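Student: I am new to this structure and would like a close look at one single part of it. Could you take me through that part slowly, with the terms explained as they come up?

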Amino acid sequence: MRCDEVREKLTEFTEHTLLPKDRDRVVEHLATCVQCRMEANDLAKAIHVIRTMPRKEPVTDLWEEFAPRFDAIRSGEDSTPQCSEDFSFARVVDAIREGWLIFANVVSISTRTKLQSLTRGTG
Amino acid sequence: MNDAEMSAAGVSAASALQYDTDHELVRQYLAGDSHAFEILFRKYQSPIFNLVNRMVGGEDAYDLTQDVFCNALRAIHSFRGDSKFSTWLYSIAKNVCLNRIRTRSTRREESLDEMYEVVNPGMEIADASPSPQSIAEVHELQDVVDKVLETLTPDQRLMIILRDFEQLSYEEIGDITGASLPNVKSRLHRARLAFKNKFAPYIPLIREDVL
């Protein structure tokens, strides 16, 4: 197995999800290649560090905080738009872009029609 | 999904139990039991808050967590039940986060461009990642991990959060991101390599007993 092939499989190797046949070939390569062994070690350490990080936990009881808005949604009184402000902004941009395309198409068709009628007139 | 289908899909007994419980709670909520939603909320508030917080770097995490559950509440009638409730909820959280990051990065680029044009015309923006010296001094591994995560692309961050923080299966990540299994594996591998490369300077500084 070449170094680049081994490195492509290091994530699965680290997670012990490789097929036995592939795992044996990776082990065989790592036994003789210092660079790939270092790469595998560093990757395993990095993954281990991430996995030992504690969860980010909210510091307050979110249910108490959010329940009034949930109640408003259930009763149909929530006036907040379903999509956040950012999504609305994206939709406005999309709408403008779409409008511009339609306008450009209309102008294009209209110009073509005029040119065709002019051509017919001169012909 | 019946037992045979679950078995064929490789769903474990514990996972199947959770699957049934969540679906039952959704069913109860739709039948008029509002307490069922509170149970679902309390069950998933922590993983969703964690996902949101790490995706957006802590900024606006509370508001966005609220948005995730509000969107879920509004759309719960359309929850078809052909996937796990948790997967469905993570998908909503993913969309809320990516949407915020997209807009924030646009605004930030604009404001940074303006600022640097005024203060330092023509100069590069300094790298905000911590130096190896700083981790040696403060030993704040968690801060370093957070900062390195922030330097990854949103997709890379998402893959690492779903797999390594939330420990979801490749199949669940595929459902959440709409990607095929090989694509999930490939993206996760790229994400971990990116993290490892940026984290590499700090590895020798971490005590062996931490690892």
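Tutor: Helices (H or I, at least four residues) and strands (E, at least two) are DSSP runs, numbered from the N terminus, and the expected span of a helix is 1.5 Å times one less than its number of residues. This is a predicted model, in which local features need pLDDT of at least 70 and side-chain atom pairs count only at pLDDT 80 or more, while totals for chains, interfaces and linings use all residues. Residues are numbered from 1 along each chain as its sequence is written, chains are lettered from A in the order in which they are written, and side-chain values use heavy atoms, with hydrogens and water left out.

Chain A holds 6 helices and 0 strands, and the part to look at is helix α5 of chain A, whose 13 residues run from 62 to 74. From its first C-alpha to its last, α5(A) reaches 17 Å, close to the 18 Å expected. At its start, a side-chain oxygen of Asp61(A) comes to within 3.1 Å of the backbone nitrogen of Trp63(A). Further along, α5(A) has a kink of about 35 degrees centred on Pro68(A), the bend being the angle between axes fitted to the seven residues ending there and the seven starting there.

Among the buried residues of α5(A) (under 20% relative accessible area, with a 1.4 Å probe and protein chains only) are Trp63(A), Phe66(A), Arg69(A), Phe70(A) and Ile73(A). Their cover includes α3 (35-56) and α4 (61-75) of chain B. Just after α5(A), Gly76(A) takes a positive phi of about 75 degrees.

Note on methods:
Buried means under 20% relative accessible area, exposed over 50%, partly exposed in between (1.4 Å probe, protein chains only). Contact means heavy atoms within 4.5 Å. A polar contact is a pair of N or O atoms within 3.5 Å; within protein, one must be able to donate a hydrogen and the other to accept it, and residues adjacent in sequence count only if both atoms are side-chain atoms.
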